[in-house]
Amino acid sequence: AAKKLLEEKGWTLGGDGVYTKGGTRAQFALGFKTLDRRAKTHQLVAQKCKEAGIQIDAAQSDGFNADQLPASAFDAALFAWVGGLTKSSAYQNYQTKEKGGNANYNLYSNADVDRIWGEANSNLDFAARTKQLNEVDKLMAADMHSIPLFQLPDFSAQDANIGVMGADGKVGDLTYLNFEGGPTYNMYAWVKR
């Protein structure tokens, strides 16, 4: 299907198995920090892209995350953001860099995303804010500026005999505060029921 799409757009498969169009090869470097799992991901991506006539070169570096990534010095990047508990905490990852997006490494820019997300971050109406953030998701998905490969799995379980003492003195259920706090973020308040 990828080859069909490239050919429909005027790309020609060369004798070396890589497509070209107007003197441009379907070839780019995938930058990543020198880590075994990143190297293996690059190998998988490169293998699948080769089947589609696209050459992916490795651009690994020990200092990739510290140097090339923040300088936006890459064709494509393989890295992970560690997000916060709220969608608003990711705003600087996508906000136009000149307007404050200090973690916007791929230099993504969409004026509507900046405006709507900025408004949502100061909106105290939960339903309206949720609607705004869903609109932001739709706009970013349509722009397809970033492709998540996966989300780390998370799992938590609890014993019904253990609860958490609330400020009101009542024992409630344990809650999970994702990867930032984990299941034991408030263990100091746990009690046996």
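**Contacts, rings and helix packing**

Trainee: Leaving aside its neighbours within four places in sequence, which residues is Ala59 in contact with?

Mentor: In this predicted model, Ala59 has contacts of that kind with Ala29, Leu30, Gly31, Phe32 and Phe64. Ala59 itself belongs to strand β5, residues 55-61. Its C-alpha atom is separated by 6.4 Å from that of Phe32, although the two residues are 27 residues apart along the chain.

Trainee: Why is Ala59 called partly exposed?

Mentor: The relative accessibility of Ala59 is 32%, and the class in between runs from the buried limit of 20% to the exposed limit of 50%, so Ala59 counts as partly exposed.

Trainee: What makes the pair of Phe79 and Tyr105 edge-to-face?

Mentor: A pair of aromatic rings is described by the distance of the centres and the angle of the planes. For Phe79 and Tyr105 the centres are 5.6 Å apart, within the 6.5 Å that a pair requires, and the planes make an angle of 70°, which is over the limit of 60 degrees, so the pair is edge-to-face. Phe79 is in the loop between β6 (76-78) and α4 (91-94), while Tyr105 is in the loop between α4 and α5, so this pair ties together parts that are 26 residues apart in sequence.

Trainee: How do you know whether Phe79 and Tyr105 are buried or exposed?

Mentor: Tyr105 has a relative accessible area of 16%, which is under 20%, so Tyr105 is buried. Phe79, at 24%, is past that limit but not over 50%, and is therefore partly exposed.

Trainee: Why is the pair of Tyr91 and Trp117 called tilted?

Mentor: Their planes stand at 50°, and this angle is neither under 30 degrees, as stacking would need, nor over 60, as edge-to-face would need, so the pair is tilted. The ring centres are 5.3 Å apart. Tyr91 lies in helix α4 and Trp117 in helix α5, so here too parts 26 residues apart in sequence are tied together. Both Tyr91 and Trp117 are buried, and with Tyr94 they form one aromatic cluster. The structure holds four aromatic pairs.

Trainee: What makes α5 roughly antiparallel to α6?

Mentor: Helix α5 (residues 111-120) and helix α6 (residues 126-143) pack at an angle of about 160°, and their axes are 9 Å apart. That angle is over 145 degrees, so α5 is roughly antiparallel to α6. Their crossing is left-handed. On the α5 side the contact is made by Asp112, Val113, Ile116, Trp117, Glu119 and Ala120, and on the α6 side by Arg129, Gln132, Leu133, Glu135, Val136, Leu139 and Met140. By class, this contact has eight nonpolar, one polar and four charged residues.

Trainee: What makes the phi values of Ser72 and Met144 worth a remark?

Mentor: Most residues other than glycine have a negative phi. Ser72 is not a glycine, yet its phi is positive, about 55°, and Met144, also a residue other than glycine, has a positive phi near 45°. Ser72 lies in the loop between α3 (64-68) and β6, and Met144 in the loop between α6 and β7 (162-165).

Trainee: Why is Ser72 called buried, and why is Met144 called exposed?

Mentor: Ser72 has a relative accessible area of 19%, which is under 20%, so it is buried. Met144 has 57%, which is over 50%, so Met144 is exposed.

Notes
Residues numbered from 1 in each chain as written. Predicted model: local features only at pLDDT ≥ 70, side-chain atom pairs only at ≥ 80, totals over all residues. Heavy atoms only, no water. Axes fitted to C-alpha atoms, helices over the stretch in contact; angles between N-to-C directions. Helix = DSSP H or I, 4+ residues; strand = E, 2+ residues; numbered from the N terminus. Parallel < 35°, antiparallel > 145°, perpendicular 65-115°, else oblique. Left-handed = near helix turned anticlockwise from the far one by under 90°. Contact = heavy atoms within 4.5 Å. Nonpolar A, V, L, I, M, F, W, Y, C, P; charged D, E, K, R; others polar. Phe/Tyr/Trp six-rings, centres within 6.5 Å; stacked < 30°, edge-to-face > 60°. Buried < 20%, exposed > 50% of the residue type's maximum accessible area, 1.4 Å probe, protein only.
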